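User: I have a model open and want to learn how its labels are earned. Can you take me through some of them?

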Amino acid sequence: MNSLSISLFGMNGSTIAAIATPVGSGGIGIIRISGEDALSIALNIFRRSHPLSPAAPFEPTRGAFKSCTLYHGYIVDPENRRVLDEVLLAVMIAPNSYTREDVVEIQAHCGYIVLNSILELVLKSGARLAEPGEFTKRAYINGRIDLTQAEAVIDVINAKTNKSLEIAVVQIAGDMRMCIETIRDLLLHILIEIEASIDFPDDTKEIIDTDVAIEVIQSKVIDVLKGLIDQYKNGHILRDGLKVVIAGKPNVGKSSLMNRLLQKDRVIVTSIPGTTRDLIEETLSIRGIPVNITDTAGLHETNDPIEAIGIKKTCEYINNSDLVLFMVDGSCPLTNEDYEIYKKIKDKRLILVINKSDIVVDELNFDIPDYWVKIPKIKISALYNERLDLLKDLIAKVSLSEEDFDAENTIIPNLRHKLALDRSLLSASSAVEGIKTGVPFELIAIDIKEAIDCLDEITGAALNEDVIDQIFSRFCIGK
Ligand code: GDP
């Protein structure tokens, strides 16, 4: 059991329940129950259809339930014997379940009323409503998964592209945990040697070979930590998505580009109200990257207070974006307005999108200023869908540091992991420097302990309750 079990699992013994399937009508809806009363609650409200004597109520003891078995029957309100639904009951007996507790899943017909009536009956029989993520939290607290695997469960649910799903699946398998635990074990081994040397200073030479310790920390800790941090830089966009903003003066073709991009790839549509010219934000998949794209309201100076709100919002979006598609009209000379917009976005990662190539006969109607030469650029026609595929390739290329980044079998830390890895790297590097320069072992031990603590934060072996609650609050109810 996890060391946090006692403090966090204060609800010891309480049995939780929730509807585990999304709201709405569908083929099957599932009510999940977990905890020590899960089986007795099921017995209270479930009547098994029995091939030999259909009328007989099914009254098995706990032993009569076989784990990982489906039972066909009916949910019956014991007070008035009203049949609520014909169901399948999936029984998983501890520890062979998602939470490592007794789990019963009632597979009913999926309708709002029927599922809620059954849930009410389950709650009346002694369960309490689960909080968001509480089933997965129990799986973590009961030691079935570590925190990185729990986070991966959310990522699998939220994955918007095949690549982000691949990353989550690698993490759910525990690859991240294994990698972190290997580094941790190496550091722990060195820490033990250092502490022994502190206790027995006369035997230091026999206890620890400092050259070997330096080599191990350098090649098997620092280099691996750096590799993981690089993977974050290369791959976090695949997991977290890319925020793209289209900026340019009015009429250059921003909305046309947006519509073109969304025609095939539309996934989610969200409009952000609040201004006369609303910002339109959409999510699509470009070469496997989840891309959140925003068509901006404009960046010009204005005295109109309402328009000013839209422009302020545009600036916020640009500041928070990973990439700005800076759009100009290739059929006319550049204007002051183009240069003014450039000034506002020049510190962002940019692609210069020269639109309306269909009405440019030969060369462009304008010269690109010298200081724009380094910006990746592409000529397109949003209206006639020309070179939009190349634009997508360019978006993927400038966003991922490595081309053809292979998400499969690659551990990609999330931001929380990355920040802890940074700190662990700092402490491990300080420890190596300390050993090289003859710093007292007492101080080196502190560095190594810190490096280990940071790794424990990642797997959840050492974390405060607030952080854990924050992580699980990202889940939906029933997971
Ligand atoms: P926005 O104000 O930047 O969003 O620009 P719009 O997308 O509304 O386009 C302004 C005008 O330019 C419309 O009449 C579009 O049909 C036209 N337009 C957009 N893209 C192209 C293009 O690639 N070629 C041509 N010839 N016209 C375009």
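User: What makes the backbone of Lys 254 a polar contact of the ligand?

Analyst: This is a predicted model. A backbone N or O atom of Lys 254 lies 2.9 Å from an oxygen atom of the ligand. A polar contact needs a pair of N or O atoms within 3.5 Å. The pair qualifies, so it is a polar contact.

User: How do you know that the side chains of Asn 355 and Lys 356 make polar contacts too?

Analyst: Use the cut-off again. A polar side-chain atom of Asn 355 is 3.1 Å from a nitrogen atom of the ligand. For Lys 356, a side-chain N or O atom sits 3.1 Å from a ligand oxygen atom. The limit is 3.5 Å, so both count. The protein also covers 74% of the 570 Å² of accessible area that the ligand has on its own.

User: Which residues surround the ligand, and of what classes?

Analyst: There are 15, and the closest are Asn 251, Lys 254, Ser 255, Ser 256 and Asp 358. Five of the shell are nonpolar, six polar and four charged. Helix α10 (residues 254–265) gives the largest share, three residues.

User: Why are strands β1 and β2 called paired?

Analyst: Pairing takes at least two bridges. Four bridges join β1 (residues 16–19) to β2 (residues 26–34), so they pair. They run antiparallel. Ile 19 stands opposite Ile 31 in β2.

User: How do you know that β2 pairs with β6?

Analyst: Eight bridges join β2 to β6 (residues 103–110), so the two-bridge minimum is met. These strands are antiparallel. Ile 28 has His 109 in β6 as its bridge partner.

Notes. Residues are numbered from 1 along each chain as its sequence is written. This is a predicted model: local features need pLDDT of at least 70, side-chain atom pairs count only at pLDDT 80 or more; totals for chains, interfaces and linings use all residues. Side-chain values use heavy atoms; hydrogens and water are left out. A residue is near a molecule or strand if one of its heavy atoms lies within 4 Å of it. A polar contact is a pair of N or O atoms within 3.5 Å; within protein, one must be able to donate a hydrogen and the other to accept it, and residues adjacent in sequence count only if both atoms are side-chain atoms. Accessible areas come from the Shrake-Rupley method with a 1.4 Å probe; for residues, only the protein chains shown count as cover. Ala, Val, Leu, Ile, Met, Phe, Trp, Tyr, Cys and Pro count as nonpolar, Asp, Glu, Lys and Arg as charged, and the others, Gly among them, as polar.
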